[in-house]
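Please open the structure in the viewer and keep the sequence beside it. The tour below proposes one selection after another and describes what is found at each stop.

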Amino acid sequence: MKQPVLSHAIDRRAFCAAGGLLLAGCAGTRASSQAAAAAELGGTGKLRAAINFGNPILASRGAGGVPSGVSVDLAREAARRLGLAVELVQFNSAGNVVEAVKARQVDMAFVAIDPVRAADMEYTAPYVIIEGAYMVRNGSPLQRNADVDRAGTRVVVGRGSAYDLFLTRGLKAATLVRAPTSPDVTNQFLAQNLDVAAGVKQQLEADAARVGGVRLLPGRFMVIEQAMGVPKGRLAAQAWLSDFIEEMKASGFVAEALKRHGIEGAAVAPRSSAAR
């Protein structure tokens, strides 16, 4: 009668041993993945992270011009986990960030997902979802987003921004006018007496309060998925950062960063269906 008990004990020991080996294998896989990512991202001895001040959801200049924001927090946390020093490479427009990624002048960037950019960049899943909005003068006849795409309507947008790429594909009758950067959109809208300004909803709301005499059209014309991106072909970095982003969303890191920096109107992106 004691033999089955011994057999069960042996089975439990075998199961535990197998479980230990599995855990050790998982830990080894994670370490290997991290090492490969660090090698791809830290080829210069540091992690060069592009920070775009053209999108106030992602980053802004704090006291003394020090970068702050959710993208800055994520860059620093990623570098810490990879054992790399971080260099925050500063830009004023998304277009310039994308060009820096293509030229491999930076190792990592925070950009809106767009199929055009995918030709030169590997993306993670999104970590934040924000809205694109239209702004018009108070006396404009335009009342809805659907009213904008009409012949004779001139829409100003930041060159190379996600809104530029989206509207280039989407507008059929209206004419796009491109400002040098997204923060220049409202000033150009006013100076050139254009019909519509397009950009980040929060930026346009702040501009509307600053200049007066303008209003935002209700709702949004697009949803922008903000992700981390690396130069094309850096698949080990993409894989590690994809897991990193999912952990940062699930742990509350992204939500807490948005709250800490006083960002309203942006939502943490849902868990990716491809997450491991």
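Select Phe110 in this predicted model and display its surroundings. Beyond its neighbours within four places in sequence, Phe110 is in contact with Ala50, Ile51, Leu58, Ser71, Leu74, Ala75, Tyr127, Gln226, Ala227 and Met228. Phe110 is also one of the residues that touch the most other members of the largest nonpolar core, together with Leu74, Tyr127, Tyr134, Val155, Leu241 and Phe244. That core has 56 residues, and helix 2 (residues 70-82) supplies its largest share, with 7 residues. Another core lies apart from it; this one has 13 residues, among them Val89, Phe91, Val111 and Ala227.

Now show the whole chain as a cartoon. The protein chain contains 8 helices and 13 strands. Of its 276 residues, 47% count as buried. Among contacts between residues at least 6 apart in sequence, 71% join residues at least 24 apart. The accessible surface amounts to about 13,200 Å², and carbon and sulfur atoms account for 56% of that area.

**Charged pairs**

How many salt bridges does the structure hold? The total is 18. Side chains of opposite charge can pair when their charged atoms come close.

Select Arg48 and Asp107, whose side chains meet in a salt bridge with an N to O distance of 2.9 Å. Arg48 belongs to strand 1 (residues 46-52) and Asp107 to the loop between helix 3 (94-102) and strand 5 (108-112), so the pair ties together parts that are 59 residues apart in sequence. Are these two residues buried or exposed? Arg48 counts as buried because its relative accessibility is 15%, and Asp107 counts as buried at 2%.

Move next to Glu122 and Lys232, a salt bridge in which the closest N and O atoms are 3.9 Å apart. This pair links distant parts of the chain, 110 residues apart: Glu122 is in strand 6 (residues 121-123), and Lys232 is in the loop between strand 12 (222-231) and helix 7 (235-250). Glu122 is buried, with a relative accessible area of 12%, whereas Lys232, at 37% relative accessibility, counts as partly exposed.

Then select Glu246 and Lys249, which form a salt bridge with the closest N and O atoms 3.3 Å apart. Both residues lie in helix 7, 3 residues apart, which is about one turn of the helix. Glu246 is buried, with a relative accessible area of 8%, and Lys249 counts as buried at 11% relative accessibility. Elsewhere, salt bridges that share partners join Glu77, Arg80, Arg81 and Glu247 into one network.

Within that network, centre the view on Glu77, a residue of helix 2. Glu77 counts as buried, at 13% relative accessibility. The side chains of Glu77 and Arg80 are joined by a polar contact of 2.7 Å. Leaving out residues up to four places away in sequence, Glu77 touches Phe244, Met248 and Phe253.

**Aromatic rings**

A search of the whole structure finds 4 aromatic pairs. Select Tyr134 and Phe221, whose rings form a stacked pair, 4.3 Å centre to centre with 15 degrees between the planes. Tyr134 lies in strand 7 (residues 128-137) and Phe221 in the loop between strand 11 (214-216) and strand 12, so that the pair links distant parts of the chain, 87 residues apart. Both Tyr134 and Phe221 are buried.

Add Phe166 to the selection. Why does the pair of Phe166 and Phe221 count as tilted? The ring centres are 6.1 Å apart and the planes stand at 45 degrees, so the pair is tilted. Phe166 is in helix 4 (residues 162-170), 55 residues from Phe221 in sequence. Phe166 counts as partly exposed at 31% relative accessibility, while Phe221 is buried, with a relative accessible area of 13%. Tyr134, Phe166 and Phe221 form one aromatic cluster.

**A last stop**

Finally, select Glu264, in the loop between helix 8 (253-260) and strand 13 (267-268). Glu264 counts as exposed, at 67% relative accessibility. Apart from residues up to four places away in sequence, Glu264 touches Ile57 and Gln202. Glu264 and Ile57 are 207 residues apart in sequence, with their C-alpha atoms 8.4 Å apart in space.

Definitions and conventions. Residues numbered from 1 in each chain as written. Predicted model: local features only at pLDDT ≥ 70, side-chain atom pairs only at ≥ 80, totals over all residues. Heavy atoms only, no water. Core = buried A, V, L, I, M, F, W, Y, C linked by side-chain atoms within 4.5 Å. Buried < 20%, exposed > 50% of the residue type's maximum accessible area, 1.4 Å probe, protein only. Helix = DSSP H or I, 4+ residues; strand = E, 2+ residues; numbered from the N terminus. Contact = heavy atoms within 4.5 Å. Salt bridge = Lys/Arg side-chain N within 4 Å of Asp/Glu carboxyl O. Areas by Shrake-Rupley, 256 points an atom, 1.4 Å probe, with all protein chains shown as cover. Polar contact = N/O pair within 3.5 Å; in protein donor to acceptor, adjacent residues only side chain to side chain. Phe/Tyr/Trp six-rings, centres within 6.5 Å; stacked < 30°, edge-to-face > 60°.
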